[in-house]
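Here is a friendly walk through a protein model for someone meeting it for the first time. Have a look at the picture, then read on.

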Amino acid sequence: MKMAPISRQAILDRIRKATGGGASDVAGSYAELERNYIRTGNLRADERIALMIERLREYDAEVVEAAPESLAQAIQGQLAASGRRRFVAPAGLPAEWMAGGLEWKIDQGLGTDEIEGVEGVVTAAFCGIADSGTMVLHHSDDEGRRVISLLPDWHLCVLRASQVVETLPEYFARCTEAPALATYISGPSATADIEMTRIKGVHGPRFLHVIVVRDDAVS
């Protein structure tokens, strides 16, 4: 004997009846939830930066520190040490970050074939979360489109100390409005199969280099 099909609305009505309300009740219940998780870190600025660097290195990222006035020189050193010559850059990347003697493609809508043809990418960042060693890109002009931070095999990211917070809630507090797109980077791309064989570069660059700029705005 065939059963009559049940409409989607009928199923939703049954769920509402069983749970004792609709969407408005769910929203009210959510608003009443206690939020007693840690929302603010208690590390000093130097401890916070040290933790961020420690976490990044645990994830197999290469990290160097630089003063603001020596940032361009630090970037040039990292590019030279990489042995790579063809790079892509976001349209808003500062010109002084693009070392001479190298081939640069400025991303103003580059196709995937062109991006895959480069050897590395240089970007800025929006925020760093020390607790998890995560860098966050909101893809502004100097951070670039998500595609250029995923396809190249080598990524150099410039992170200012003043952008580093201790906890995830502190990062969200810095978002005056929800970003249209965000990418969370915790070390080079890697994954492991059931036999725990670790493979790099599955979801993004195999090599991540970070320059932490010790700017004066650290607090």
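Is D153 buried or exposed, or does it count as something in between? With a relative accessibility of 25%, D153 counts as partly exposed. Bear in mind while reading that this is a predicted model.

**The overall picture**

The protein has 219 residues, and 37% of them are buried. Its chain is built from 7 helices and 12 strands. Take the contacts between residues at least 6 apart in sequence: 71% of these join residues at least 24 apart. On the outside, about 12900 Å² is exposed, with carbon and sulfur atoms supplying 52% of that area.

**Salt bridges**

Back to D153, which has a charged partner. Its side chain meets that of R206 in a salt bridge, at 2.7 Å from N to O. The two come from distant parts of the chain: R206 is in the loop between β11 (198-200) and β12, D153 is in the loop between α6 and β7 (154-160), and 53 residues separate them. R206 is partly exposed too, with a relative accessible area of 35%.

How many salt bridges does a search of the whole structure find? The count is 7. Another one joins R214 to E65, with the closest N and O atoms 2.7 Å apart. This pair also links distant parts of the chain, 149 residues apart: R214 is in the segment after β12 (207-213), and E65 is in strand β1 (residues 62-66). R214 is partly exposed at 33% relative accessibility, and E65 is partly exposed at 44%.

Then there is D107 with R145, where the closest N and O atoms are 2.8 Å apart. D107 belongs to strand β3 (residues 103-107) and R145 to the loop between β6 and α6 (146-150), so this salt bridge ties together parts that are 38 residues apart in sequence. Here the partners sit on either side of the cut-off: D107 is buried, with a relative accessible area of 6%, whereas R145 counts as partly exposed at 36%.

Here are these three pairs side by side.

| Salt bridge | Closest N and O atoms | Separation in sequence |
|---|---|---|
| R206 and D153 | 2.7 Å | 53 residues |
| R214 and E65 | 2.7 Å | 149 residues |
| D107 and R145 | 2.8 Å | 38 residues |

Elsewhere, R44, D46 and E47 are joined into one network by salt bridges that share partners.

**A sheet of four strands**

Now for some strands. An open sheet is formed by 4 strands in the order β8-β5-β6-β9, with mixed pairing. Which strands stand at its edges? They are β8 (164-165) and β9 (183-185); each has a single partner strand, so one side of each is left without a neighbour in the sheet. Strands of a sheet pair through backbone hydrogen bonds, either parallel or antiparallel. For strand β5 (residues 127-129) and strand β6 (residues 134-137), the pairing is antiparallel and runs over 3 bridges. Within that pairing, I129 stands opposite T134 in β6.

**The nonpolar cores**

I129 and T134 turn up again around M52. Setting aside neighbours within four places in sequence, M52 is in contact with G128, I129, A130, G133, T134, M135, L159 and V164. M52 is also one of the residues with the most contacts inside the largest nonpolar core, together with M135, L159 and V210. That core has 19 residues, and α3 (45-58), β6, β7 and β12 each supply at least two of them. The helix α3 gives the most, with 5 residues.

A second, separate core has 18 residues, including L79, A89, L93 and I211. L79 is also a contact of A99, as are Q76 and W104, once neighbours within four places in sequence are left aside. A99 lies in the loop between β2 (86-90) and β3, and counts as buried at 12% relative accessibility. The C-alpha atoms of A99 and L79 are 7.9 Å apart, although the two residues are 20 residues apart along the chain.

**A patch on the surface**

Finally, the outside. L168, F172 and Y184 make a nonpolar surface patch of about 310 Å². Y184 is found in strand β9, and is partly exposed, with a relative accessible area of 44%.

Definitions and conventions:
Residues numbered from 1 in each chain as written. Predicted model: local features only at pLDDT ≥ 70, side-chain atom pairs only at ≥ 80, totals over all residues. Heavy atoms only, no water. Pairing = 2+ DSSP bridges. Salt bridge = Lys/Arg side-chain N within 4 Å of Asp/Glu carboxyl O. Buried < 20%, exposed > 50% of the residue type's maximum accessible area, 1.4 Å probe, protein only. Core = buried A, V, L, I, M, F, W, Y, C linked by side-chain atoms within 4.5 Å. Contact = heavy atoms within 4.5 Å. Areas by Shrake-Rupley, 256 points an atom, 1.4 Å probe, with all protein chains shown as cover. Patch = residues over 30% accessible without salt bridge, like charges linked within 9 Å, V, L, I, M, F, W, Y side chains within 5 Å.
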